[in-house]
Amino acid sequence: MVNPTDVPTLTLNNGVEIPQVGFGTFKVDPKGAQRAVEAALEAGYRHIDTAAVYGNEEGVGAAIAASGIARDELFVTTKLRNGEQRKDLVHPAFEESLRKLGLDHVDLYLVHWPAPGLGTYREAWTELEGIYREGGARAIGVSNFLPEHLHSVLEVAEVVPAVNQVELHPSFQQPETQQASLEKGLAVEAYAPIGQGADLELPAVTRIAEAKGVTPAQVVLRWHLQSGRVVIPKSVTPERIASNIDLFGFELSEEEMTDLTAQDTPERMFPDPATADFTMLD
């Protein structure tokens, strides 16, 4: 087990601290989510990431309740479905997420995708600002927002988003999106941080892992941390869950960091936010 206090935090633009390593629950069913989150909390994670569309908020909430860990020691993120971005739907959707999680607030609430064809993400952002002011979320942010979406939402925003959670791994790094986010004061949070496992086969990754005596996943996750990002690896295997947070007994050299950054390509694994318009309600 990693001591949770050993996990570094980043300070968001509103002063809230976010643990730099979180536990992702994408594509984990409700029962599996409870088991996985329980294993994560036991391994030392205190940052848990879910979303309404994952269908596992209840499982996540059950694990939190069973853990006995004080609420103020946890950082919980969930996200708004695209089809619920309308003004009359955001607050009910948020309250439903709280009910399923068994919580009276979350630490971070995100607009899950810009879905520009729906034309509602700016409207949704205004509603998230209300949730933030009411204390329902300690911080609010966005996910999958490209520079043009950030620019658009900031035209109407009274609260600058705290986080932009995006697909980001060695073979797909989105430098323009990272730069735009950081310039506007948003922390960058990486989902699919090991490229759904594919990036663990990169020669640069395997070479560094062998030299360091650590796993390829630990190499990639350490690269994210040293790059100043929040990272949310996902696994349902207790041994991998524990390994993915055990990142603090080694460091990557400047040369090793450069080698990993050089692996960037333009190839996404997830939909392109410029054109992805699914409602998430189907």
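**Note on aromatic contacts and pockets**

1. Seven aromatic pairs are counted in this predicted model. One of them joins tyrosine 121 and phenylalanine 145: the ring centres are 5.3 Å apart and the planes stand at 80°, so the pair is edge-to-face, the cut-off for that class being over 60 degrees.

2. As for where the two rings sit, tyrosine 121 belongs to helix H4 (residues 121-133), while phenylalanine 145 is in the loop between strand S7 (140-143) and helix H5 (147-156); the pair therefore ties together parts that are 24 residues apart in sequence.

3. Are these two residues buried or exposed? Tyrosine 121 has 9% relative accessibility and counts as buried. Phenylalanine 145 has 1% relative accessibility and counts as buried too. The limit applied is under 20%.

4. Phe26, Tyr54, Tyr191 and Phe270 form a cluster linked by ring pairs. Phe26 also appears in the lining of the largest pocket, where Phe26, Ala192, Pro193, Gln196 and Lys234 are the residues nearest the centre.

5. The largest pocket holds about 710 Å³ of space and has 33 lining residues. By class, these are 17 nonpolar, 13 polar and three charged.

6. For the second largest pocket the volume is about 330 Å³. Its lining consists of 19 residues, with Pro19, Arg46, Asp72, Glu73 and Leu74 closest to the centre. The classes here are eight nonpolar, four polar and seven charged.

7. A separate point concerns a charge over a ring. Arginine 229 is placed over the face of tryptophan 223, 4.5 Å from the ring centre.

Definitions and conventions: Residues are numbered from 1 along each chain as its sequence is written. This is a predicted model: local features need pLDDT of at least 70, side-chain atom pairs count only at pLDDT 80 or more; totals for chains, interfaces and linings use all residues. Side-chain values use heavy atoms; hydrogens and water are left out. On a 1 Å grid over the protein atoms alone, a cavity is a set of points where a 1.4 Å probe fits but cannot get out, and a pocket is an open set with protein on both sides within 12 Å along at least five of seven lines; lining residues have an atom within 4 Å of a point. Grid points are joined across faces, edges and corners, and a volume is the space filled by probe spheres set on the points. Ala, Val, Leu, Ile, Met, Phe, Trp, Tyr, Cys and Pro count as nonpolar, Asp, Glu, Lys and Arg as charged, and the others, Gly among them, as polar. Rings of Phe, Tyr and Trp (its six-membered ring) pair if their centres lie within 6.5 Å; planes under 30 degrees apart count as stacked, over 60 as edge-to-face and the rest as tilted. Helices (H or I, at least four residues) and strands (E, at least two) are DSSP runs, numbered from the N terminus. Buried means under 20% relative accessible area, exposed over 50%, partly exposed in between (1.4 Å probe, protein chains only). A charge sits over a ring if NZ of Lys or CZ of Arg is within 6 Å of the ring centre and within 35 degrees of the ring normal.
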